[in-house]
Structure formats: structure tokens, C-alpha cells
Amino acid sequence: MEKLRITGGRRLVGEVACSGAKNAVLPMMCAALLTREPVTLTHVPELQDVATLLSLLERMGVSVQRSGDTVTLCARTIDSPTAPYELVKAMRASILVLGPLVARAGEAVVSLPGGCAIGARPVDQHLKGLAAMGAEVRVEHGDIHACARRLRGARIVFDVVTVTGTENLLMAATLAEGVTVIENAAREPEVQDLARLLVAMGAEIDGIGSDTLVVRGVERLHGATYRVMSDRIEAGTYLCAVAITGGEVVLTDAPARALDAVIHKLREAGCSVEVGEDWLRLVAPRRLRAVDLRTAPYPGFPTDMQAQFMALDSVAMGSAVIRETIFENRFMHAVELQRLGANIHIDGATAVVTGVEGLQGATVMATDLRASAGLVIAGLVAEGETVIEQLHHLDRGYERLEAKLASLGAAVARVER
Ligand code: UD1
């Protein structure tokens with residue numbers, strides 16, 4: 001098992017290019033199931049989650065060609081509309097094949113994702129939406145079975161704002177008969193990017209970027225070539241990594257407009273942030289001020305940046321209250337940060353972080369992708385060596401993490417156990 005070893009105390013300075021967004025490319029790869037023509041995606045990050053989904057799609061009969069950051073997927077026929085437990089367990093986003101499979105192949109068997117490290121994460125809204133569109137949906141022996149000769153347009157009102165739920169039903173609706181209206185839809189930039197790919201494939205979608213999506217179903221979609229947006233969570237993670245060290249960074253190919261809530265908090269913490277069309281420049285003070293935050297659906301503060309900001313608050317001046325409203329169990333990193341010397345009190349969905357003068361390196365355990373990112377950020381300022389175990393979590397979502405950090409001057413290495 002590989003681990004990441006970080007020696008803290010270096011000020012990070014330099015330039016980093018942002019990779020393609022994990023949470024945009026995954027639904028886009030599933031959208032290729034909607035057409036028999038090739039879909040070419042560029043700016044595809046090299047991530048474990050992308051590899052996992054490619055192998056799932058290949059098992060279904062999708063042909064895959066990869067060259068550098070370009071991936072071409074062609075679902076001329078779908079041999080087996082099935083997503084087994086091993087793959088869904090490895091990556092919950094596998095649920096995104098459900099909508100496209102029912103819409104195109106008329107049937108799907110997708111393992112029901114269980115809970116995970118950050119909460120129960122049900123998919124009832126995905127299933128409710130498909131049923132409203134006329135699919136017969138049942139859960140048997142841990143698998144979702146869904147079938148429909150052709151889905152029908154319907155009005156779907158989500159009880160909660162769900163990102164992959166919106167994406168699943170949006171994809172399904174493109175090939176349904178008639179008009180589908182999705183209300184209380186997620187507005188995340190990745191949902192918008194998926195919608196734009198679908199439009200490029202011939203889908204008719206109104207309301208992109210709003211909480212009401214109106215989809216006029218078409219008989220068939222065609223192939224397209226599309227550049228995946230840059231990863232706002234990766235970008236935000238590097239901004240935090242540099243900010244905690246009192247450094248300076250220019251992010252190129254940055255999803256600048258998708259980062260408003262994060263930039264606002266970094267400024268509140270004392271950083272100066274310049275925002276260009278596709279670049280960002282951050283200059284951090286010697287010590288940050290603690291910032292309160294409350295996670296919320298986009299355009300609110302992203303839950304996927306909560307752990308990174310908890311790391312910043314751990315060493316900032318003053319104390320901060322962090323409220324997690326999206327996932328019920330997303331403070332696992334707090335106990336690991338405490339092992340580095342952080343002063344954090346958890347009460348239900350609220351964490352109170354009192355900034356300390358310094359952290360001390362230790363061995364810590366990554367519990368999920370973004371929790372790991374928070375620990376890396378803390379390790380960059382902890383005195384001595386921090387070793388992060390369970391590195392596979394980071395490999396799911398950060399392309400060339402240690403190379404990018406090292407290019408900014410961090411002392412970081414991947415080591416074998
Ligand atoms: C996506 C992102 C993940 C991010 C999350 C919230 C991808 C691949 N993953 O996950 O990185 O942290 O959005 O921004 O894009 N819920 C239900 N029933 C449902 C669906 C969701 O109750 O059918 C609840 C969830 O338990 C959670 C909330 O809704 O409390 C939001 O979850 P959701 O937006 O669905 O998260 P994901 O799409 O799984």
C-alpha cells in the first residue's frame with residue numbers, strides 16, 4: 001500500500017494548471033451510452049475513478065480509445081446493461097449509468113450503492129424520478145432493476161437537491177417521449193457542463209444553470225466532441241494548500257467563475273485573490289484568519305471543500321464554526337486533524353475549530369477523498385513529517401497530486417509501505 005509523506009514548513013509558490021473535473025467527466029462518460037455514435041471528451045483527468053468507470057462501460061460493450069487526455073467512447077450496441085456490486089462499491093458515481101441505460105437500452109440492473117464513509121447517501125430520488133417517467137423500478141437482492149419500453153416525459157420535483165440524481169434524470173429525459181420538467185434541480189457547474197455536452201449531442205434542454213430544467217425528448221442523440229470543464233474542487237484544494245503556507249500561486253486553466261463561494265471565504269481569511277477569465281492568483285498572508293462556513297448546494301459553499309477549510313481554520317487566528325448540511329457524517333477528518341494537534345470540537349453537524357499556533361506531523365488515516373485533501377493541507381504546515389495512509393482515496397480524485405505540490409516547492413513523496 002502506498003502512502004504520502006509530507007515534510008511540513010515550506011512556503012508554496014508557483015503556478016499550477018488545473019485538470020479536468022472528476023465530477024463532470026464521470027456523468028459525461030455515462031452520457032456516451034445515450035448514442036450509438038462516438039463521443040469524444042478532451043481534458044479528461046487521469047484518475048482512478050475515470051479508470052473504474054471506463055472498465056464498467058467496457059464491460060457493457062462500449063468501445064474505449066484513450067490517447068493522452070482525450071477519450072473516445074462508442075456505445076454502438078449495449079451488450080450488458082449491468083453495473084455489478086464490486087464496481088458500484090468502488091465508486092458510487094457508477095449509479096450514473098442507470099438513467100442512460102434505461103433510456104437507451106430499455107433496461108438496467110445496477111447494484112444499489114450502500115452507505116459510505118460520509119453518510120447514508122440514498123438514491124431514492126433517482127428511482128422516484130425514473131418511476132415518474134414510466135419505468136418499472138424494483139430493488140431485489142441488492143440490485144436496482146429498472147425497465148421501460150420508452151420513458152415518458154414527466155414533472156419531477158426533487159425532495160432534496162441531488163447532483164447525480166439531477167444528472168441521471170437529465171440524461172434519461174433526453175431520449176424520453178415528450179417533455180420532462182425537473183424542479184429543485186442541482187445547479188452545480190458540473191451539471192451545467194453535462195447539460196452542454198448533451199445539447200452538443202442533439203438534446204433539447206432549457207434552464208441550464210437554473211433549478212428548473214426543461215427537457216424536450218428526442219428520438220436519438222448523435223456523437224459530439226467536448227472539452228471537460230476544469231475541476232473547481234481541485235482548484236480550491238490548491239488555493240487552500242498554498243494559503244495555509246502563506247504562499248502565492250497562479251492557477252491556470254482555472255474554473256474561475258465556479259469558485260465564487262470559495263474565493264469569498266479565502267478573502268475573508270485574509271488572502272488576496274485576483275480572478276481572470278480562466279486564471280486565478282492568490283497571495284496569502286503570513287497567518288490566516290479563521291472563517292465560519294456552512295456547506296450548501298451550489299452556489300453555496302461546497303461540501304467537497306469543507307475538510308480543506310477545516311485544515312485552514314486549525315492553524316488560523318481565532319475560532320470558526322463549520323456547519324455541514326449536506327452529509328451527516330462528514331467530519332471524519334476532524335479526529336485525524338486532532339492527531340496533528342488541532343483543537344476541534346464536534347457537536348452533531350457542527351464543528352468548532354479554535355486555531356492553534358502550530359501542528360505536529362504524525363501518521364494519519366485518510367477516510368475519504370476530500371478528508372484526505374484536508375490532511376495533506378494540514379501536513380504542509382505541520383512540524384516534521386506527516387504520513388497519510390490509504391492513499392488510494394486521493395488517487396480517485398487528484399491527478400498527479402504529489403507532482404503538482406512538489407512543483408510549488410512542497411516536500412512530498414509517495415512511498416511504499
Ligand atoms: C455529488 C458529488 C460529490 C458531492 C455531492 C454534494 C459526484 C460524482 N459526486 O455526490 O462529490 O460531495 O454531490 O455536492 O458528482 N440524497 C437523498 N436521496 C437521493 C440522492 C441524494 O436523500 O436520492 C441526499 C444525500 O444523502 C445527501 C444530499 O442528498 O445528503 C446530496 O447528495 P447528492 O447531491 O446526491 O450527492 P452525490 O450526487 O452522491
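## Fold, ligand site and cysteines in a predicted model

The protein contains 14 helices and 24 strands, and the reader should keep in mind that the model in view is a predicted one. Along its principal axes, the C-alpha trace of the protein spans about 65 × 45 × 40 Å. For a chain of 417 residues, a compact globule would have a radius of gyration near 22 Å, and because the protein has 21 Å, its value agrees with that expectation. Of the 417 residues in the protein, 57% are buried.

### Around the ligand

The ligand is surrounded by 18 residues, of which Q125, T162, T164, D304 and I326 come nearest. Sorted by class, this shell has eight nonpolar, six polar and four charged residues. Two helices, helix 5 (124–132) and helix 6 (163–174), each supply at least two residues of the shell, and helix 5 gives the most, with three residues.

The table below lists pairs of atoms that join the ligand and the protein in polar contacts.

| Residue | Protein atom | Ligand atom | Distance |
|---|---|---|---|
| D124 | side-chain N or O | nitrogen | 2.7 Å |
| Q125 | backbone N or O | oxygen | 2.7 Å |
| V163 | backbone N or O | oxygen | 2.8 Å |

How much of the ligand's surface does the protein bury? Taken alone, the ligand exposes 740 Å², and the protein buries 84% of that area.

### The cysteines

A disulfide is a covalent bond between the sulfur atoms of two cysteines. The structure holds zero disulfides, and C147, for instance, is in none, since the nearest cysteine sulfur, that of C30, is 20 Å away. With a relative accessible area of 32%, C147 is partly exposed.

Why does C240 form no bond with C271, the residue with the closest cysteine sulfur? The sulfur of C240 is 8.3 Å from that of C271, and this is too far for a bond, because a disulfide needs the two sulfur atoms to be within 2.5 Å. C240 has a relative accessibility of 0% and therefore counts as buried, a word that applies to residues under 20%. The two cysteines C147 and C240 thus illustrate two settings in this predicted model, with C147 partly exposed and C240 buried.

Key:
Residues are numbered from 1 along each chain as its sequence is written. This is a predicted model: local features need pLDDT of at least 70, side-chain atom pairs count only at pLDDT 80 or more; totals for chains, interfaces and linings use all residues. Side-chain values use heavy atoms; hydrogens and water are left out. A residue is near a molecule or strand if one of its heavy atoms lies within 4 Å of it. A polar contact is a pair of N or O atoms within 3.5 Å; within protein, one must be able to donate a hydrogen and the other to accept it, and residues adjacent in sequence count only if both atoms are side-chain atoms. Accessible areas come from the Shrake-Rupley method with a 1.4 Å probe; for residues, only the protein chains shown count as cover. Helices (H or I, at least four residues) and strands (E, at least two) are DSSP runs, numbered from the N terminus. Ala, Val, Leu, Ile, Met, Phe, Trp, Tyr, Cys and Pro count as nonpolar, Asp, Glu, Lys and Arg as charged, and the others, Gly among them, as polar. Buried means under 20% relative accessible area, exposed over 50%, partly exposed in between (1.4 Å probe, protein chains only). The radius of gyration is taken over C-alpha atoms; the globule rule is 2.2 Å times the number of residues to the power 0.38.
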